[in-house]
Amino acid sequence: MRGALLLFCFTAWGSLPWVYGADAVASPSVPSSPPGVQEPRGNLPIYRHWENFSVGDGLPDNKVFAICVEDDRVWVGTENGLGLYEKGAWRIYRPADGLAHRVVMSLAVDRKTGDLWVATLGGLNRFSAGRFDTFTQLNSGLSNDVVYAVAIQDEFVWAATAAGLSRLNTRTGEWALFNERNTPMHEIWCYNLAVNDGKVYVAVWGGGVLEYDVATGRWKDYRDPDGEMEIVLFRDSGLIHDVVASVSYENKILWAATYFGVSRYDGRHWQGFLEKDSGLASNFVNFIKARGDAVWMCTDKGLNYFDGKTWITYRRKAEGSEGEVKILTTANTTSLTTPSGPANNYILAIDFQGDDIWVGTAKGLSRGIRTREEKLGEDTRRSR
Amino acid sequence: MALTLLAAAVTCGFTQARSTGSRLQAVVYQSPTELVLSPDGARLYVVCEGSHSLAVVDLNRRTVIGRVPVGERPKGIALSPDGQTLYVTNHWSDTVSVVNARELRVTKNFPTGFGPAGVTIDRTGSTLYVANSISNDISVIDAKTGSEIKRLAAGRSPHHLSLSPNGETVSVANLLPNAGPFRTPPVSELTVIDTKTQRVIRREFLPGAATLRTVAYSPEGGFLLVALLRPKNLNPMVQVAQGWVITHGLGMVRFPAGAPPAQVLLDEIDRYFANPYGIAFTPDGRYAYVSSSGADVVTVVDARALAALIATASRADLKNYANLLSLSARFVRKRIPVGRDPRGLAASADGRFVYVANRLSDSISIISVDSNSGGQSIGEIYLGGPKRLTALRRGEILFQNASASFQRQFSCSTCHPEDHLDGLAYDLEPDGLGRNIVENRTLRGIAETAPYKWRGTNPDLETQCGPRVSKFLFRSEAYRPDQLRDLVTFLKAIPLPPNRYRRRDGKLTPAQQRGKMIFERITKKDGSPLPKMSSCLSCHTPPHYTSSIQADVGTINPYDSPGFFEAPQLNNVYEAGPYLHDGSAKTLEEIWTIFNPNDKHGFTSDLTKDQLNDLIEYLKTL
């Protein structure tokens with residue numbers, strides 16, 4: 001949407017509409033940034049160069065559900081196996097190698113031990129120095145074999161499953177299950193996890209967001225206050241929608257990705273983001289991941305970046321291999337054509353490797369390579 | 001001896017001093033297991049498992065000059081690089097005792113995981129690595145503060161570990177094989193840790209191997225040796241007369257990674273050297289000395305000849321070597337008789353001597369190293385304690401020593417290392433290949449759990465260990481009546497280790513409490529009464545959670561003879577896997593999620609997954 005784009009965004013840190021768009025006149029009422037939100041500093045992540053991987057390049061499968069970067073190693077969970085990209089080469093792991101199931105939904109590296117935890121549709125794996133250990137609902141206390149997400153919290157491993165949450169104490173082997181019987185879990189379809197800073201957040205598909213406080217062991221639920229499945233009535237009064245696909249928690253900010261927009265919660269105020277009045281490429285958001293003060297959103301129509309001031313959308317052009325980058329600030333909209341773009345615009349996963357990003361799509365894996373000259377204002381072609 | 005005994009709980013202590021009546025309370029044997037030399041070679045520090053202490057030996061005077069009480073049942077020892085601090089693992093206390101080597105006193109105790117056994121320290125003296133044999137992991141501990149930095153996943157029952165000569169890696173010998181597919185030969189793991197990242201970087205799998213006791217690097221660091229067994233447990237044990245039922249040898253893992261691991265046997269065609277335990281290289285790397293705890297012998301291995309043999313072997317050769325009884329002639333230079341039940345070894349820095357801890361002789365053998373012949377034993381240092389052998393001690397000697405079996409192929413302890421189990425299923429009966437294979441059982445705390453065997457066919461231990469062992473296992477003359485009495489005395493005194501899941505205050509966690517209610521329930525969740533024999537307590541009654549009731553719990557497989565099974569005792573059941581009579585359930589969960597489809601093994605079909613988890617948490621406390 002080039003040119004006359006007028007976007008409104010109701011902010012959590014101000015009650016007046018925040019006017020975006022190339023044709024918009026900067027409003028004197030634009031609020032100041034909330035604490036912790038960066039001002040645009042001329043070094044926004046503009047990815048012009050994309051390296052794309054498909055099955056032909058060694059990727060296990062073109063549908064990429066999960067990415068986990070561990071230093072110079074990139075683990076990739078796909079619809080048909082686990083891939084490891086290291087030193088320019090791929091290694092593939094499948095059920096014959098010990099993988100619990102061919103469909104890998106989520107990955108987490110234990111930064112202390114180096115063990116990789118793998119969430120699959122047939123159980124949970126620990127991959128440790130070449131050995132797969134498999135945990136299923138039959139051979140362990142795992143509540144269900146359909147594991148959508150895995151996360152590490154000290155010596156505990158959390159697994160989000162189709163039948164609630166399971167938590168493994170790796171030191172004692174004890175499993176604790178969390179479900180509708182012992183938490184305010186309105187649905188047991190747990191879809192994603194975020195562990196950080198003493199909290200565990202759970203994206204519950206159809207049940208909002210659950211919060212677990214590690215210190216107190218207490219649970220709290222966040223629901224859509226309007227309870228509407230098709231429309232958003234009270235956007236900034238709470239979670240934007242109960243169908244939550246993904247959560248992220250960074251710098252005391254909770255981000256929730258739903259199939260009907262994105263919510264931000266700072267512990268006091270909620271703020272919703274919709275396609276119609278923000279830089280969000282689509283309300284259908286598969287995955288969300290915050291890094292510092294910025295957040296990355298994986299939608300069905302491209303990849304979004306948002307740092308509190310500036311939205312960026314990364315897409316592949318409909319024809320050819322070129323990409324496009326759309327930058328939306330309070331002052332203007334900038335659109336760039338880049339030599340390459342992501343493999344596909346249906347984005348499912350993201351992780352970071354230094355300044356580079358790795359992006360999983362429905363049709364391939366992409367690495368966004370950031371070079372020094374790629375800064376806002378340099379070599380850009382303005383849309384106006 | 002692969003006794004398929006039904007074990008249960010007795011709480012007598014491990015040492016004879018603690019085990020039985022007052023008459024025996026004065027009898028405390030030292031039972032040395034591991035040892036380490038001071039940097040100047042003047043002192044030997046010896047872990048004495050029986051007296052729960054560390055003995056300090058002056059090697060010039062060849063006498064004990066000090067003792068340091070440590071924790072319960074000490075196992076492993078490490079010395080800081082500066083020689084000032086000793087670290088002793090306390091297997092039953094779940095601690096490492098920090099001992100000031102100059103003052104000979106414990107300065108503090110560091111907590112560890114469950115069942116610490118081996119320990120080593122890095123070259124900087126800053127990090128300890130402790131093998132937790134019950135929690136199946138490695139504690140990485142700050143040697144100054146005692147804080148645990150991290151816990152690394154090991155194989156099953158990590159028992160011993162060793163630091164490489166360049167300090168870059170720590171290798172771990174795991175006593176029990178990893179859980180594998182049903183009715184397949186064992187595969188054991190050697191775990192390699194990078195000391196820089198403090199992460200596991202390599203897992204070397206040794207097919208056909210079990211009971212990895214200790215590991216030692218060659219001085220130049222090109223390879224390591226690990227003491228192991230190669231059991232043919234799926235072959236009928238009665239074929240012992242044809243030999244080759246359980247063989248004893250070494251694994252060789254080469255560095256850097258890439259070359260396949262090798263296995264060779266220390267045995268000879270008509271004579272076996274049961275239960276290899278400790279390994280020590282001479283500083284020049286010429287020889288490796290290997291103790292055989294079931295043969296009272298130290299074997300002198302020409303390490304260079306062995307390395308050359310393996311280096312030139314093809315993969316086909318390696319496969320052949322692993323089972324070749326005649327191969328030892330190509331690298332074994334000598335067999336040196338030592339004391340009873342030799343365990344840990346240490347070679348002096350000048351390469352002149354090797355010291356051997358003789359566990360059941362309460363002594364240290366001194367071997368004078370000879371570069372041509374391999375050396376000879378030149379004396380023993382007695383560590384103290386009674387020289388009189390009690391019935392219990394005599395029984396333990398019988399238990400450990402393989403001389404009762406045909407060609408000395410194995411001893412009771414071969415299949416029951418640490419008086420426990422080896423994680424294997426055995427074809428024990430002469431009823432055809434592959435029929436009635438049964439899982440090995442622990443011997444800990446079995447005194448009051450008669451009758452024995454999965455089918456309950458042995459009414460007492462005398463029957464179990466008398467003619468049955470002679471006929472079906474050892475294929476030799478039966479024990480004399482006095483020997484049988486001694487052996488049974490020992491078996492009945494094998495204590496049950498402390499339960500790691502029971503809180504010290506006796507209170508149950510909420511999950512355990514919920515599990516207890518399920519274990520003891522007499523009604524279904526809908527309020528209707530449970531059928532008779534469907535309550536856990538019907539067959540698993542306290543205090544050992546066993547009974548003489550025989551039942552069909554729906555687990556007979558097509559290769560089993562029809563019939564019923566005894567209810568096994570459940571004390572410390574978390575250490576007893578795999579489960580069921582044939583070892584088909586790898587975990588406690590599988591007993592009910594896979595092998596109880598018709599509610600014949602207790603009524604469990606009305607339990608939610610949460611409740612099954614609670615039940616298992618309670619079972620672990622029994």
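Modeller: A salt bridge is a side-chain nitrogen of Lys or Arg within 4 Å of a carboxyl oxygen of Asp or Glu. Side chains of opposite charge can pair when their charged atoms come close. Before the cases, some ground rules. This is a predicted model, in which local features need pLDDT of at least 70 and side-chain atom pairs count only at pLDDT 80 or more, while totals for chains, interfaces and linings use all residues. Residues are numbered from 1 along each chain as its sequence is written, chains are lettered from A and ligands numbered from 1 in the order in which they are written, and side-chain values use heavy atoms, with hydrogens and water left out.

Colleague: How many salt bridges does the structure hold over all chains?

Modeller: The total over all chains is 50. One of these joins B:Glu49 to B:Arg73, with the closest N and O atoms 3.1 Å apart. B:Glu49 lies in the loop between β2 (43-48) and β3 (53-58) of chain B and B:Arg73 in the loop between β4 (63-69) and β5 (74-79), so the pair ties together parts that are 24 residues apart in sequence. The element names come from DSSP runs, numbered from the N terminus: helices are H or I runs of at least four residues, strands are E runs of at least two.

Colleague: Are B:Glu49 and B:Arg73 buried or exposed?

Modeller: Buried means under 20% relative accessible area, exposed over 50%, and partly exposed in between (1.4 Å probe, protein chains only). Both B:Glu49 and B:Arg73 are buried.

Colleague: Which residue meets B:Lys75 in a salt bridge?

Modeller: That partner is B:Glu418, at 2.2 Å from N to O. The two sit 343 residues apart, B:Glu418 in the loop between α6 (412-415) and β29 (425-427) of chain B and B:Lys75 in strand β5. B:Glu418 and B:Lys75 are both buried. Another pair is B:Arg393 and B:Asp362, with closest N and O atoms 3.0 Å apart. Here helix α5 (residues 391-400) of chain B holds B:Arg393, and B:Asp362 is in the loop between β26 (353-358) and β27 (363-368), 31 residues away. These two residues, B:Arg393 and B:Asp362, are buried as well. The residues of these three pairs belong to a network of salt bridges that also includes B:Arg213 and B:Asp341.

Colleague: What is the nearest side chain of opposite charge to B:Asp267?

Modeller: For charge, Lys and Arg count as positive and Asp and Glu as negative; His and the chain ends are not counted. The nearest such side chain is B:Arg335, 6.3 Å away, and the buried B:Asp267 has no salt bridge. B:Asp267 lies in the loop between β20 (262-265) and β21 (276-281) of chain B. A polar atom of its side chain is 2.7 Å from the backbone nitrogen of B:His248. Contact means heavy atoms within 4.5 Å. Leaving out residues up to four places away in sequence, B:Asp267 touches seven listed residues, including B:Thr247, B:Tyr272 and B:Arg335.

Colleague: How many residues does each chain bring to the contact between chain B and chain A?

Modeller: Chain B brings 32 residues and chain A brings 27. Buried area is the accessible area (1.4 Å probe) that two parts lose on being put together, summed over both. Between chain B and chain A this area is about 2100 Å², with 44% from carbon and sulfur atoms. B:Arg199, B:Lys609 and B:Asp610 supply 25% of the area that chain B buries against chain A, more than any other three residues.

Colleague: Which side chain meets B:Asp610 in a salt bridge?

Modeller: The side chain of A:Arg181 does, at 2.6 Å from N to O. The count between chain B and chain A is four salt bridges.

Colleague: Where does B:Arg199 lie?

Modeller: B:Arg199 is in strand β16 of chain B. Its relative accessibility is 18%, so B:Arg199 counts as buried. Its contacts beyond four places in sequence include A:Glu70, A:Asp110 and B:Lys150.

Colleague: What are the helix and strand counts of chain A?

Modeller: Chain A has zero helices and 32 strands. Of its 384 residues, 58% are buried.

Notes
A polar contact is a pair of N or O atoms within 3.5 Å; within protein, one must be able to donate a hydrogen and the other to accept it, and residues adjacent in sequence count only if both atoms are side-chain atoms.
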